[in-house]
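Work through the exercises below with the model open. Try each task before reading its solution.

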Amino acid sequence: MLRFLRYLSLLGDSTLDGVNVLKHYYLGIHQGLLEPISLNYVCFGALWFEENNHRYIVGYAFGQNQIQALRQFSTPSSCKDCLDSKIVYEIYKKIREQQQQQDWSSHQKLPWFTAFKEPWKDVSAGWYVLRSRSTFPLHLSVIRKEKFRLWLEHTAVCENKMEMLACVEKASVIHQVDLKLLEI
């Protein structure tokens, strides 16, 4: 999915003391970065501009098709290709950090009938860690089961065992519980 962090109207000119100034946008692509939904390593693209020594991300995309759509919003007269992969990687890391913070605070109540379906109907009340698959990268969910209720307390994307164990430890400390890994 193509993501835009600011309105597309930002792609126009800005006014500086009554004089129109064309903003210079940058489009950068970096290969082999983790797309957090599909858990595939694909190319990542970002469109941004810089103003007053700050970087403003206009949009980002994963995969060639999405990057082509992102490229449509950049005109050759106002957009330059960024060949510095370090800058694109910094943008990727910043976006992923924001996503991780959002995922960690994704506390929500699951539909009431979920507690009566597999794999939860025969599981006793308590705290559990659920992995989306046995290989990395994976999605990790911290779930609290009450008798007739399930709560999704935290989610995370983990690229390796160390990240997974850190998430489990963090949840254990925050909630002062011993988490169990639910194998399904």
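Three exercises follow, on confidence, the core and aromatic rings.

This is a predicted model, where local features need pLDDT of at least 70 and side-chain atom pairs count only at pLDDT 80 or more, while totals for chains, interfaces and linings use all residues. Residues are numbered from 1 along each chain as its sequence is written, and side-chain values use heavy atoms, without hydrogens and water.

**Exercise 1.** Find where confidence is lowest and highest.

Solution. Start with pLDDT, the predictor's confidence in each residue, from 0 to 100. The protein averages 86. Strand β2 (residues 14-16) is lowest, at a mean of 45. Strand β11 (residues 150-158) is highest, at 96. Over residues 4-19 the pLDDT is below 50. Where pLDDT is low, the predicted coordinates should not be read in detail.

**Exercise 2.** Identify the element that gives the largest share of the largest nonpolar core.

Solution. Such a core is a set of buried Ala, Val, Leu, Ile, Met, Phe, Trp, Tyr and Cys residues joined through side-chain atoms within 4.5 Å; buried means under 20% relative accessible area (1.4 Å probe, protein chains only). This core has 15 residues. β4, β5, β6 and α2 each give two or more. The largest share, four residues, comes from α2.

**Exercise 3.** Classify the ring pair of F62 and Y92.

Solution. Rings of Phe, Tyr and Trp (its six-membered ring) pair if their centres lie within 6.5 Å; planes over 60 degrees apart count as edge-to-face. Here the centres are 6.3 Å apart and the planes at 80 degrees, so the pair is edge-to-face. F62 lies in strand β6 and Y92 in helix α2, so the pair ties together parts 30 residues apart in sequence. Both residues are buried.

Methods:
Contact = heavy atoms within 4.5 Å. Buried < 20%, exposed > 50% of the residue type's maximum accessible area, 1.4 Å probe, protein only. Phe/Tyr/Trp six-rings, centres within 6.5 Å; stacked < 30°, edge-to-face > 60°.
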